[in-house]
Amino acid sequence: MSGQLDITILEPHGLRLQEMRARGGQDEAAAYLQFGISSITADPWSGASRTRLVSHQFDEVEGTDARSASPVHVTWGTAGFMRLLSAAKAAGYVPAIVHTHPGSHAFFSGQDNINEAELARTAFNKGLPGLVSIVLGGDGSVRARMWSPGGEVVDAATVRQVGGRFRRWPHAQAGGAKTDHLDRQARLFGDGFNVHVGSLRVAVVGCGGTGSAVALLLARLGVGHILLIDDDVVELTNLNRIHGSRRSDASAKRPKIEVVAREIASAELGVQVVAMKGWASSAEMRSALKACDFIFGCTDDHAGRIMLNRLAYFFGIPVIDVGLRMAPLSSGAGHNINGRVTTLTPGRTCLLCSGVVNARRAAEEALERTNPAEFQKRKEEAYVIGAGDPAPAVVTFTTEMACVAVNEMIAALTGFHGEDGMVANRARRFHARDDRFLATMPNAACPVCMSQMFWGRGDSEPFLDLVG
């Protein structure tokens with residue numbers, strides 16, 4: 001493990017920790033966690049390596065293991081701790097101990113230092129790469145650190161809880177870009193909102209009609225670090241909806257990411273933009289995507305969507321997926337114009353179970369990229385669906401759904417439309433003048449969203465447990 005350390009607690013585990021704290025009342029309480037490892041070889045904005053740990057499993061300190069507790073101490077037996085170490089070692093996770101300070105803010109006491117040093121030595125003797133310690137303060141504060149072999153203790157630069165809400169506890173408040181131009185939104189959400197937004201690393205996958213609008217909205221909102229991913233170039237028929245595009249861009253076949261990056265840079269808002277040309281599902285994009293706090297999926301590419309779908313659960317990175325479908329009615333009397341925003345985090349239904357992604361189309365898209373000759377052969381033999389006519393697209397509708405999507409990120413940060421934060425599935429029927437909030441249920445056999453075995457799994461071989 002190298003570089004800056006960040007800790008991610010998935011919302012389902014965070015809720016269990018809140019319940020533990022509430023049960024303890026004025027006395028300290030304790031629990032165990034196991035964390036998956038996300039190694040970021042090069043942050044796309046700084047180039048530095050980072051390590052992000054993502055909570056995979058919550059375990060109670062149960063029964064006879066719980067010994068005594070008071071407002072200033074908590075003790076428990078070693079049997080459960082040894083079981084934690086054995087389980088983490090067998091599965092490749094990092095073990096963690098959590099305790100509360102109900103009457104104060106979160107900090108590590110002198111007694112914590114003594115006790116944890118001994119527990120860490122036990123973990124290292126078991127061959128584990130580290131031991132994480134987390135303190136929950138009675139005032140809502142959170143601190144975390146990791147003990148490493150050799151005695152090094154690394155404070156987590158950031159602890160965050162991700163789910164419908166996105167909460168963040170930095171170890172130290174970092175400086176950022178100037179935010180004087182964001183005064184009007186601070187008047188609505190408070191001064192801390194601009195600082196929070198400025199610290200975010202956000203990816204936009206797909207820089208067409210919806211993605212270009214999302215990227216420019218994020219820049220105007222004050223997001224400090226934006227990653228643009230797309231493999232396509234601007235064509236003449238894109239000019240009706242890609243924000244910032246020009247006829248000269250279409251003539252030059254300029255990559256879409258360059259056009260959007262140019263438009264953000266021209267605004268001089270202090271945003272750090274990284275543009276990467278290629279498919280989101282390619283190996284070259286993995287480290288960059290893993291470094292993000294939010295990902296917007298703005299592509300019709302089924303293969304890319306399947307990858308982002310799994311990434312949300314494996315790495316605890318909220319994915320906000322946007323889709324539109326427009327068509328005139330076959331009768332010629334009217335139109336069907338539908339937009340959709342789906343938010344993906346552990347504990348919510350995935351894109352496959354929601355019926356958004358077609359696994360067969362995803363396989364065909366992957367084949368077309370990796371083996372075009374075989375794809376064409378199968379298409380001629382009617383074994384693959386193949387590409388049809390271009391879908392209709394109108395800038396007003398794509399831009400409106402981009403606004404809906406970015407507003408879901410704001411909801412995660414502020415809870416402005418409810419404490420649950422982001423809506424799981426919102427469908428806008430433009431032709432019917434209504435919004436629908438769709439409740440979708442996971443398939444009982446789905447390993448991604450129904451089972452918890454991939455939640456916070458982190459790095460795995462093969463990547464995301466996908467073969468091919």
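In this predicted model, Pro 462 is found in the segment that follows strand 19, which spans residues 434-437. The peptide bond that joins Glu 461 to Pro 462 is cis, with omega at about 5 degrees. The segment after strand 19 also holds Leu 464, a residue other than glycine whose phi is positive, near 60 degrees. With a relative accessibility of 1%, Leu 464 falls under the 20% cut-off and therefore counts as buried.

A positive phi also turns up at Arg 433, where the angle is about 60 degrees although the residue is not a glycine. To find Arg 433 in the structure above, look in the loop between strand 18 (425-429) and strand 19. Is this residue buried or exposed? The relative accessibility of Arg 433 is 80%, so Arg 433 counts as exposed.

Helix 5 is a good place to turn to next. This helix covers residues 191-199, and its buried residues are Phe 193, Asn 194, His 196, Val 197 and Ser 199. A general point about helices helps in reading such a list: an α-helix has 3.6 residues a turn, so residues three or four places apart point the same way. What do the buried residues of helix 5 pack against? Their partners include three strands' worth of neighbours to look up in the structure: strand 11 (166-170), strand 12 (201-205) and strand 13 (225-230). The buried residues of helix 5 also pack against helix 4 (183-189), helix 6 (209-221) and helix 14 (395-414).

Phe 193 leads on to the aromatic rings. The model has eight aromatic pairs. In one of them, the ring centres of Phe 189 and Phe 193 are 4.8 Å apart and the planes meet at 40 degrees, so this pair is described as tilted. The two partners can also be described by their accessibility. Phe 189 has 30% relative accessibility and therefore counts as partly exposed, whereas Phe 193 is buried, with a relative accessible area of 6%. Elsewhere, ring pairs link Tyr 32, Trp 76 and Phe 81 into a cluster.

A ring can have a charged side chain over its face as well. Which residue lies over the face of Phe 108? That residue is Arg 145, placed at 3.8 Å from the ring centre of Phe 108.

How values were computed. Residues are numbered from 1 along each chain as its sequence is written. This is a predicted model: local features need pLDDT of at least 70, side-chain atom pairs count only at pLDDT 80 or more; totals for chains, interfaces and linings use all residues. Side-chain values use heavy atoms; hydrogens and water are left out. Helices (H or I, at least four residues) and strands (E, at least two) are DSSP runs, numbered from the N terminus. Buried means under 20% relative accessible area, exposed over 50%, partly exposed in between (1.4 Å probe, protein chains only). Contact means heavy atoms within 4.5 Å. Rings of Phe, Tyr and Trp (its six-membered ring) pair if their centres lie within 6.5 Å; planes under 30 degrees apart count as stacked, over 60 as edge-to-face and the rest as tilted. A charge sits over a ring if NZ of Lys or CZ of Arg is within 6 Å of the ring centre and within 35 degrees of the ring normal.
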